[in-house]
Amino acid sequence: MQRRSRGLNTGLVLLLSQIFNVGINNIPPVTLATLALNVWFFLSPLKPLRSSCLSVEMCYQQKDWQRLVLSPLHHVDDWHLYFNMVSMLWKGIKLERRLGSGWFAYVITTFSLLTGVVYLLLEFAVAEFLGEPDFRRSCAVGFSGVLFALKVLNNHYCPGGFVNVLGFPVPSRFACWAELVAIHFISAGTSFAGHLAGILVGLLYTHGPLKKIMETCAGFFSSSVGPPGRQYYFNNSGYAASQDDYGRDRPGNYDAYTAGLSEDEQLERALRASLWDQGNSRSSPPPYGFRLSPEEEMRQRRLHRFDSQ
C-alpha cells in the first residue's frame with residue numbers, strides 16, 4: 001500500500017479552502033485540532049502506509065499494536081483526506097457544540113481506538129468462519145470508521161427526517177446502513193469492515209454500555225465533563241458555560257441541522273449559524289456558549305467606567 005502522489009495535492013488545497021471559507025474562528029477547538037492533526041500526518045507521516053495500516057496479521061500476530069493509533073490518522077491520498085476531513089468538519093461543528101469540547105475530545109479518542117479493535121475482531125471472525133487467511137492480511141487506514149460512528153451519534157441526536165443516498169430518500173435511522181452498502185458498491189478499495197466497525201461502535205455508544213463506561217471512567221480523571229445530565233461548552237479562552245445556559249441564551253437551536261439535509265446543506269447551515277454568532281449584539285453570548293455571569297458583567301462595567309475616567 002503506497003501513497004499515490006498527485007503533485008499539487010488538489011484535495012488538500014480544496015480542504016484548506018473549505019476550512020478558510022468556514023473560518024478558523026468558527027470551528028470548535030477539538031474539531032479544528034482533529035483536522036490539523038490529520039493534515040499534519042498526511043504531510044509528514046510517521047511511517048509509510050504499509051507500516052501504519054491496520055490488519056489482524058500485523059497487530060495480533062506480530063504484536064504491532066501502535067497501528068491502532070496510527071491507522072486513523074493516515075490517508076492513502078489527498079482525496080481520501082479531503083472527503084474524510086470535510087465530513088469531519090460539519091460533523092464536528094454540530095456534535096462538539098452539542099456535547100462540549102471536553103467530552104467530544106474524549107469521544108473522538110475512544111472511537112478512534114475502539115473502531116480499530118472492532119475492525120480487527122470482524123476481520124478475524126470472517127477469516128476463521130470462511131477459512132480465508134487473506135482477511136487476516138487485509139490492511140486499512142483512514143478516519144472513515146470514526147466518521148461512521150459519529151454519523152450514528154448525529155442521527156441519534158437528530159432523529160426523524162430523511163437523508164438522500166444515491167438519489168433515494170432514506171430514513172435517517174437507516175442512513176448509516178444504506179451508506180455502508182452504497183459506498184461498498186460504488187467506491188472500489190473502501191473497507192467495508194472498517195465502516196461497519198464504526199457503525200457498531202456508534203451503536204455501542206447510543207444503545208449499548210459504552211457511554212456509561214466512558215462516564216464512569218471520566219469521573220476518575222476528568223473535571224471538565226461535568227456531572228451527568230449537564231454538559232459543558234468551552235471557548236478558546238478555556239471558560240465554560242453549561243448546556244442549560246447555552247440553550248437558554250442562544251436564540252437559534254440545533255433543530256435547524258436536521259438529518260434530512262445533505263452534508264453540504266448542513267455545513268452551510270453550520271456556517272450561517274457561526275457567522276450569525278459574530279454579528280450578534282454585545283449582550284449575546286460569544287461562540288461555544290461562553291457567557292458572563294451577572295456579577296462578572298457588573299464588575300467588567302465598573303472596570304470599564306474607571307478606565308474611561
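Buried means under 20% relative accessible area, exposed means over 50%, and partly exposed lies in between (1.4 Å probe, protein chains only). By that yardstick, 45% of the 309 residues of the protein count as buried.

This is a predicted model, where local features need pLDDT of at least 70, side-chain atom pairs count only at pLDDT 80 or more, and totals for chains, interfaces and linings use all residues. Residues are numbered from 1 along each chain as its sequence is written, and side-chain values use heavy atoms, with hydrogens and water left out.

**Exercise 1. Get an overview of the fold: how many helices and strands are in the protein?**

Step 1. Helices (H or I, at least four residues) and strands (E, at least two) are DSSP runs, numbered from the N terminus. The protein has 15 helices and 4 strands.

Step 2. Now look at contacts, meaning heavy atoms within 4.5 Å. Among those between residues at least 6 apart in sequence, 73% join residues at least 24 apart.

**Exercise 2. Work out how helices α1 and α2 pack: at what angle do their axes cross?**

Step 1. Two packed helices are described by the angle between their axes and the distance between the axes. Here axes are lines fitted to C-alpha atoms, for helices over the stretch in contact, and angles run from 0 to 180 degrees between N-to-C directions.

Step 2. Helix α1 (residues 10-22) and helix α2 (residues 29-43) have axes that come within 12 Å and cross at roughly 160 degrees.

Step 3. Angles under 35 degrees count as roughly parallel, over 145 as roughly antiparallel, 65 to 115 as roughly perpendicular and the rest as oblique. So α1 and α2 are roughly antiparallel to each other.

Step 4. To see the contact, pick out L12, L15 and I19 on α1, and L35, V39, F42 and L43 on α2.

**Exercise 3. Classify two ring pairs: are W79 and Y82 stacked or edge-to-face?**

Step 1. Rings of Phe, Tyr and Trp (its six-membered ring) pair if their centres lie within 6.5 Å; planes under 30 degrees apart count as stacked, over 60 as edge-to-face and the rest as tilted. A search of the whole structure finds 6 aromatic pairs.

Step 2. W79 and Y82 are one such pair, 5.6 Å centre to centre with 85 degrees between the planes, which is edge-to-face. Both residues lie in helix α6 (residues 78-99), 3 residues apart, about one turn of the helix.

Step 3. W79 is partly exposed, at 25% relative accessible area, whereas Y82 is buried, at 12%.

Step 4. For F111 and Y205, the ring centres are 5.7 Å apart and the planes stand at 85 degrees, so this pair is edge-to-face. It links distant parts of the chain: F111 sits in helix α7 (residues 101-130) and Y205 in helix α11 (residues 192-206), 94 residues apart.

Step 5. F111 is buried at 0% relative accessible area, and Y205 is buried at 3%.

**Exercise 4. Explore the surroundings of Y119: which residues does Y119 contact beyond its sequence neighbours?**

Step 1. Find Y119 in helix α7. With 2% relative accessibility, Y119 counts as buried.

Step 2. Leave aside neighbours within four places in sequence, and Y119 is in contact with L54, S138, C139, A140, S191, A193, G194 and A197.

Step 3. Take A197 from that list: its C-alpha atom is 5.2 Å from that of Y119, although the two are 78 residues apart along the chain.
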